[in-house]
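These are a colleague's notes for someone opening this structure for the first time. Please read them with the structure in view.

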Amino acid sequence: MILSDNLLLKRQQGKPPVQVGMIGAGFMAKGIALQIIKYTPNLRLAAISNPHPEKAENAYQQAGVTDSILVGSPEELDRAIDNGRPAVLETPEAMCCSKKIDVIIEVTGTIEFALHAVLQAMENGKQIILMNSELDATLGPILKIYADKAGVIYSNCDGDQPGVIMNLYRFVKGMGFKPVLLGNIKGLHDPYRNPETQKGYAAQYHQKPRMVTSFADGTKISMEMAVVANATGFRVGKRGMFGPTCGHVKDAPGIFPLDDMLRDGGWVDYVVGAEPAGGIFVLGYNEDPIQQEYLKYYKMGDGPLYTFNTPCHLCHFEAAFSIERVAVLQDPVMTPMGPPVVDVLTVAKRDLKAGDILDGLGGFDTYGVADNATVCYADNLLPMGLSEGCRMTRDVAKDAVLSYDDVQLPPDRLCDRLRDEQNRHFAGQLSTQ
């Protein structure tokens with residue numbers, strides 16, 4: 001991360017802590033709660049919402065907080081904050097409408113549910129941080145428009161791969177290199193994994209099988225790299241990205257086509273099986289012969305393509321940085337720069353039959369692949385983030401990409417209306433990119 005710790009300390013000196021609301025109380029949210037409560041004195045986790053309030057209580061308890069109180073209205077929440085009582089909510093509405101909450105971090109991985117909360121929070125002047133690449137990849141560009149109109153910051157998060165990649169991208173670019181590939185490192189990619197095959201692994205790490213499935217089948221990395229693309233303008237080199245096998249990330253310059261990356265202005269992509277596992281990388285181009293001599297001396301290789309990598313991403317440990325950057329410095333970690341650049345398409349994981357109702361991200365029915373947004377727009381393809389609950393109107397073979405013509409959407413979803421608005425708002429750019 002590009003640290004601004006001294007500036008943060010200076011800005012916050014003598015001021016009350018930032019009041020934070022968190023939507024979600026799952027595996028990642030519990031880690032964020034622990035990090036804020038025990039290790040981030042400039043922040044106060046004032047409220048946690050979850051449809052099962054006992055899970056929010058448990059998130060507090062894991063961090064050593066035992067005096068949380070259940071509240072139901074903005075007024076009750078504001079009184080709890082004034083009295084120093086951490087609050088638990090069954091729904092996020094009171095948090096979004098509170099006069100005391102400064103910033104909200106959304107950690108559910110949902111689309112429709114999260115969207116309602118994020119828009120309501122924006123309307124009430126809350127700064128928004130997403131640890132929810134699924135929502136950001138699907139509707140981030142139009143949500144940035146809404147945030148600008150509301151005068152609030154809309155940002156993705158440090159810690160998860162998109163934020164860590166963005167920090168390294170800024171670092172590499174700031175040194176005068178031309179970043180040409182923004183890369184993720186993936187341990188496994190099997191698009192046919194499902195909640196049954198991943199059940200044991202999920203139980204081992206106290207995660208949900210569907211979430212772990214979205215990691216294994218490639219949907220999650222497609223969402224993450226779409227977020228990176230939309231924040232930088234980088235594209236994918238082909239549908240699904242290349243995703244080559246690689247022994248060590250330092251070998252990456254030799255397995256991606258430099259001329260094609262330069263021609264396209266940069267790609268987002270990934271490698272499979274590389275060390276350091278769990279890391280991310282950026283390939284930076286530098287053709288200055290004097291700089292190349294220095295870089296050779298610094299053991300960076302002969303160039304002109306150089307690998308920069310961060311060996312890990314520490315998710316909840318780093319998430320608190322995002323809250324401070326947004327709330328104290330008004331510095332978003334990353335945000336869409338304009339129209340959608342990359343989308344995540346819906347692909348059949350099995351032969352689908354007319355009448356089937358799709359089970360969405362991390363399920364048995366479909367997986368997501370990244371493609372350039374112009375293709376999705378031109379071919380009327382179904383975004384993976386909107387696939388859950390869609391009813392198939394005709395048979396589709398395994399590995400076929402689904403279009404809107406293949407499905408009937410669930411009735412009256414806000415996410416569909418906002419996606420239509422996003423398409424209309426950026427239609428001119430999507431049809432000419």
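1. A nonpolar core, as the term is used here, is a set of buried Ala, Val, Leu, Ile, Met, Phe, Trp, Tyr and Cys residues joined through side-chain atoms within 4.5 Å. The model is a predicted one. Its largest nonpolar core has 36 residues, and the members that touch the most others are Leu182, Met225, Val228, Met241, Val268, Met334 and Val342. At least two residues of this core come from each of α8 (161-174), α11 (219-232), β9 (267-272), β10 (280-285), β11 (305-310) and β12 (342-348). Helix α11 contributes the most, with eight residues. Another core lies apart from this one; that core has 35 residues, including Ile23, Ile104, Leu130 and Leu414.

2. Met334 deserves a separate look. With neighbours within four places in sequence left aside, the contacts of Met334 are Tyr154, Ser155, Asn156, Pro162, Gly163, Met166, Val227, Val228 and Ala231. Val228, in that list, is also named with Met334 among the core members that touch the most others.

3. Next, the empty space inside. Rolling a probe the size of a water molecule over the atoms shows where such space is left. The structure holds one cavity of 30 Å³ or more, and the volume of the largest cavity is about 30 Å³. Which residues line the largest cavity? The lining consists of Asp136, Val227, Asn230, Ala231, Met334, Thr335 and Pro336. By type, the lining residues are four nonpolar, two polar and one charged. Helix α11 supplies the largest share of the lining, three residues. Met334 thus appears in the lining as well as in the largest core, and two residues of the lining, Val227 and Ala231, are among the contacts of Met334.

4. A charged pair involves helix α11. Lys220 lies in α11, and Glu134 in helix α7 (residues 133-150). Are these two residues buried or exposed? Lys220 has a relative accessible area of 10% and is therefore buried, the limit being under 20%. Glu134 is buried as well, because its relative accessibility is 3%. Their side chains make a polar contact at 2.8 Å.

5. The surroundings of this pair can be listed for each partner. Not counting residues up to four places away in sequence, Lys220 touches Glu134, Met211, Ser214 and Phe215. On the same basis of leaving out neighbours within four places, Glu134 is in contact with Gly109, Ile111, Lys220, Met223 and Leu361. Glu134 and Leu361 are 227 residues apart along the chain, yet their C-alpha atoms are separated by 8.9 Å. Met211 belongs to helix α10 (residues 209-216) and is partly exposed, with a relative accessible area of 26%. From Met211 to Ile323 the C-alpha distance is 24 Å, with their positions 112 residues apart in sequence.

6. Helix α13 (residues 289-297) can be checked at both ends. At its start, a side-chain oxygen of Asp288 comes to within 2.9 Å of the backbone nitrogen of Ile290. Just after α13 comes Lys299, with a positive phi of about 65°, although Lys299 is not a glycine. Lys299 sits in the loop between α13 and β11. Its relative accessibility is 71%, so Lys299 counts as exposed, the limit being over 50%.

7. Cys315 is another residue other than glycine with a positive phi, here near 40°. Cys315 lies in the loop between β11 and α14 (316-329). Its relative accessible area is 12%, and Cys315 is therefore buried.

8. Two cis peptide bonds should be noted. One runs from Glu275 to Pro276, with omega near 0°; Pro276 is in the loop between β9 and β10. Another joins Gly303 and Pro304, with omega about 5°. Pro304 is in the loop between α13 and β11, and Lys299 is placed in that loop too.

9. A last point concerns helix α15 (residues 373-378), which includes Ala378. Ala378 counts as exposed because its relative accessibility is 60%. The C-alpha atoms of Ala378 and Ala427 are separated by 10.0 Å, while the two residues are 49 residues apart along the chain.

Terms used: Residues are numbered from 1 along each chain as its sequence is written. This is a predicted model: local features need pLDDT of at least 70, side-chain atom pairs count only at pLDDT 80 or more; totals for chains, interfaces and linings use all residues. Side-chain values use heavy atoms; hydrogens and water are left out. Buried means under 20% relative accessible area, exposed over 50%, partly exposed in between (1.4 Å probe, protein chains only). Helices (H or I, at least four residues) and strands (E, at least two) are DSSP runs, numbered from the N terminus. Contact means heavy atoms within 4.5 Å. On a 1 Å grid over the protein atoms alone, a cavity is a set of points where a 1.4 Å probe fits but cannot get out, and a pocket is an open set with protein on both sides within 12 Å along at least five of seven lines; lining residues have an atom within 4 Å of a point. Grid points are joined across faces, edges and corners, and a volume is the space filled by probe spheres set on the points. Ala, Val, Leu, Ile, Met, Phe, Trp, Tyr, Cys and Pro count as nonpolar, Asp, Glu, Lys and Arg as charged, and the others, Gly among them, as polar. A polar contact is a pair of N or O atoms within 3.5 Å; within protein, one must be able to donate a hydrogen and the other to accept it, and residues adjacent in sequence count only if both atoms are side-chain atoms.
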